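Visitor: I should like to go through this structure by question and answer. Please show the sequence and the model before we begin.

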Amino acid sequence: MVRYVIEKILYMLLSLFVLASATFFLMKAIPGNPFQSEKNIPPAIQQMLMEKYGFDKPVWEQYVHYIGNLLKLDFGTSMKQQYVTVETVIKSGFAYSVQLGLLAMIVSVAAGVLLGLIAALNHRKFLDGFTIFIAVLGVSIPNFVIASALQYFFGVQLRWFNVTGLNGPLDYVLPVIALSFLPTAFIARLTRSSMLEVLSADYIKTARAKGLSGRVILVKHALRNAIMPVVTYVGPMTANIITGSVIVEQIFGIGGLGKDFVNSITNRDYTLIMGLTLFYAVILMLARLITDIAYGFIDPRIKLIRGRGGA
Amino acid sequence: MSEQTLKPEQFAKLKKSEHAGELVVRESISAWKDAWIRLKENKLAMLSLVVLLVITLLAITAQYMTPYDYKTNDLANTNLPPNSEHWFGTDSLGRDMFQRTWMGAGISLQVGLYAALVDLALGVIIGGIMGYYGGRVDEVLNRFCEVMYSIPSMLLVILLIVVMEPSMFTIVLALSITGWINMAWIVRGQVMQLKNQEYVLAARTIGASTSRIMFKHLIPNAMGPIIVTLTMTVPSAIFAEAFLSFLGLGVQSPAASLGTLINDALKAMTVYPWRMLFPAVLISLTMLCFNIFGDGLRDALDPKMKK
């Protein structure tokens with residue numbers, strides 16, 4: 001188990017290093033210097049800016065400096081907003097994104113498992129078909145369509161919710177629904193199919209034969225096993241929610257990290273793009289790591305296989 | 001066992017005509033035909049296929065259906081609601097939305113198709129090499145894939161497009177840089193399973209070259225999972241392109257994809273909601289059909305996987 005986790009962490013660090021190097025050299029590959037596009041900047045000041053950001057040094061020296069700074073968790077300073085460090089941007093925006101993201105995750109898991117369960121228990125009946133339909137719809141409709149439709153009907157037309165902003169508890173409703181639509185659909189499908197598989201397993205028949213009550217069988221025997229694939233989905237779900245948050249924050253005008261990311265791309269603020277990309281990557285990889293470890297804990301079979309090396 | 005005595009009379013020689021029992025009367029059904037029969041029974045999947053064909057057809061022919069084109073500005077007629085002249089209305093520059101929507105559908109479909117084809121080519125070659133040679137080659141390539149795979153693909157795609165100016169070519173290129181890995185893994189698994197079967201051994205014994213074994217024996221037999229992966233790649237590429245458009249990194253004006261149209265419409269959605277309607281419905285419908293058709297295809301090609 002320990003060896004398994006260490007291996008995963010080493011992989012993660014290697015991937016991060018590759019991504020960091022890729023971002024660095026990609027940004028260097030852009031023709032011209034980043035200050036050329038600014039109007040009214042005399043060559044002398046451009047020169048000073050170049051020196052300030054260290055762009056006058058050879059590329060390999062900049063690279064070593066950049067990686068060195070990353071090791072010190074220093075992501076650098078924004079190129080377009082004076083004196084704003086990437087760290088400040090992350091600190092100010094992250095709180096909103098985390099709140100929305102975690103809420104969306106909780107909603108998706110709860111709603112998804114419930115829907116999947118209902119579908120599996122009503123196999124080949126109306127409720128099953130209905131759930132599958134909702135699930136297919138959920139993975140098919142892009143979340144910007146869902147977000148803007150929600151905003152239009154419930155915000156603009158019905159006026160039940162504020163159109164933009166995140167000032168009261170009610171303001172969370174629409175963005176969270178928009179964010180959790182796709183993961184809910186996915187989890188419902190996963191739960192349904194694994195539940196169907198589990199329900200026809202021999203140990204369920206044994207439990208029935210022993211005369212256990214339906215609820216005990218359902219919760220203790222079936223659901224606990226059926227929920228396993230859902231745990232593996234936590235990694236991809238984090239990715240979905242991050243891409244979703246970029247869109248949802250923009251549409252609902254929430255000043256979270258996703259909105260900063262869009263702005264940094266529109267402004268071609270290279271240090272900010274690089275910093276946020278790496279930050280997102282770290283979060284995603286952590287989510288995957290947690291999934292791997294959690295899976296090892298939940299499923300004793302995996303622990304046995306992986307436990308050979310050390311333990 | 002009851003005792004039975006066999007008498008010679010019981011053994012009679014068959015007449016010549018009775019050898020017909022060995023003839024296959026029924027038309028032989030290949031695996032593909034079999035899959036097609038199963039697919040035809042799935043009404044929903046067939047409906048999706050028809051809808052997809054209609055969308056493709058309209059994306060090609062819509063430009064000849066009305067007298068307008070996708071890029072001519074008409075500042076006297078901006079933001080019109082749908083009417084008999086402009087069937088889907090006009091946008092903020094007075095461009096005909098009917099033409100732009102279908103052009104957008106065409107571009108979105110092309111992005112999906114090209115991305116899937118590049119994934120197919122790279123995935124089959126690299127996955128084939130990994131599965132066929134195995135050992136050290138497989139290990140090195142597999143590690144490489146794992147590192148690439150653990151980099152969040154969307155972030156890499158965004159970075160690439162920021163660096164290389166957005167166009168259909170760069171979008172497809174960026175999507176394929178990480179997209180092929182999944183395909184490669186699927187081909188690898190299939191090839192590993194198939195390469196030890198007798199018919200491959202037989203082919204090798206009679207001296208078939210590696211490339212012949214690969215492309216005549218292994219890949220055709222792995223075609224089922226490959227095709228299913230392909231149909232699933234198309235909608236995810238369409239979605240990725242729409243997401244890039246949302247970041248302003250999509251196909252550049254005056255050309256349009258469904259994603260850029262939706263992004264443009266969002267800015268004025270409270271005032272001109274109909275500009276959003278057609279592209280949004282079309283992209284959702286396309287994705288829906290691809291998903292349903294892909295599910296149906298998987299059930300048809302691999303009946304064991306059907307739940």
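Visitor: At which residues of chain A does UniProt place the feature "domain: ABC transmembrane type-1"?

Guide: The model shown here is predicted. The annotation is taken from an unreviewed UniProt entry. In that record the feature lies in chain A at residues 94–295.

Visitor: What percentage of residues 94–295 of chain A is helix?

Guide: The end C-alpha atoms of this span are 27 Å apart. Strand accounts for 0% of residues 94–295, and chain A as a whole has 0 strands beside its 14 helices. The helix content of residues 94–295 is 82%.

Visitor: Which element of chain A has the highest mean pLDDT?

Guide: Chain A averages a pLDDT of 82, and 92% of its residues score at least 70. The lowest mean among its elements, 54, belongs to helix α14 (residues 300–306). Over residues 304–311 of chain A, pLDDT stays under 50. The highest mean, 90, is that of α7(A).

Visitor: Is α6(A) roughly parallel or roughly antiparallel to α7(A)?

Guide: The axes of α6(A) and α7(A) come within 9 Å and cross at roughly 150 degrees. The crossing is right-handed. An angle over 145 degrees counts as roughly antiparallel. Therefore α6(A) is, with respect to α7(A), roughly antiparallel.

Visitor: How many nonpolar residues does the contact of α6(A) with α7(A) have?

Guide: On α6(A) the contact includes A:Ile146, A:Leu150 and A:Phe154, and on α7(A) it includes A:Ile177, A:Phe181 and A:Leu182. No charged residues take part, and 3 of the residues are polar. The number of nonpolar residues is 9.

Visitor: How is α5(A) oriented with respect to α7(A)?

Guide: The axes of α5(A) and α7(A) come within 8 Å, with a crossing angle of roughly 135 degrees. This crossing is left-handed. The angle falls outside the ranges for roughly parallel, perpendicular and antiparallel pairs, the last of which starts over 145 degrees. The orientation of α5(A) to α7(A) is therefore oblique.

Visitor: How many charged residues are in the contact of α5(A) with α7(A)?

Guide: From α5(A), the contributors include A:Thr131, A:Ile134 and A:Val139. From α7(A) they include A:Phe181 and A:Leu182, together with A:Arg189 and A:Arg192. By class, 8 residues are nonpolar and 3 polar, while the charged residues number 2.

Visitor: Which element gives the largest share of the side of chain A that touches chain B?

Guide: In the model, 36 residues of chain A are in contact with 33 residues of chain B. Elements giving two or more residues to this side of chain A include α5 (126–140), α6 (143–157) and α7 (173–199). The largest share is 9 residues, and it comes from α1(A).

Visitor: How many charged residues does the side of chain A that touches chain B have?

Guide: This side of chain A has 28 nonpolar residues. A further 8 are polar. As for charged residues, there are no such residues.

Visitor: What percentage of residues 222–244 of chain B is helix?

Guide: Chain B averages a pLDDT of 85, and 94% of its residues score at least 70. An unreviewed UniProt entry places the feature "transmembrane region" at several spans of chain B, including 44–65 and 222–244. Residues 44–65 are 82% helix, with end C-alpha atoms 29 Å apart. For residues 222–244 the end C-alpha atoms lie 33 Å apart, and the helix content is 96%.

Notes:
Residues are numbered from 1 along each chain as its sequence is written. Chains are lettered from A and ligands numbered from 1 in the order in which they are written. This is a predicted model: local features need pLDDT of at least 70, side-chain atom pairs count only at pLDDT 80 or more; totals for chains, interfaces and linings use all residues. UniProt positions are given in the numbering used here, feature names are shortened, and annotations may be inferred rather than shown by experiment. Helices (H or I, at least four residues) and strands (E, at least two) are DSSP runs, numbered from the N terminus. Two residues are in contact if their C-beta atoms, placed from the backbone, lie within 7 Å. Ala, Val, Leu, Ile, Met, Phe, Trp, Tyr, Cys and Pro count as nonpolar, Asp, Glu, Lys and Arg as charged, and the others, Gly among them, as polar. Axes are lines fitted to C-alpha atoms, for helices over the stretch in contact, and angles run from 0 to 180 degrees between N-to-C directions. Angles under 35 degrees count as roughly parallel, over 145 as roughly antiparallel, 65 to 115 as roughly perpendicular and the rest as oblique. A crossing is left-handed if the near helix is turned anticlockwise from the far one by less than a right angle, and right-handed if clockwise. pLDDT is the predictor's confidence in each residue, from 0 to 100.
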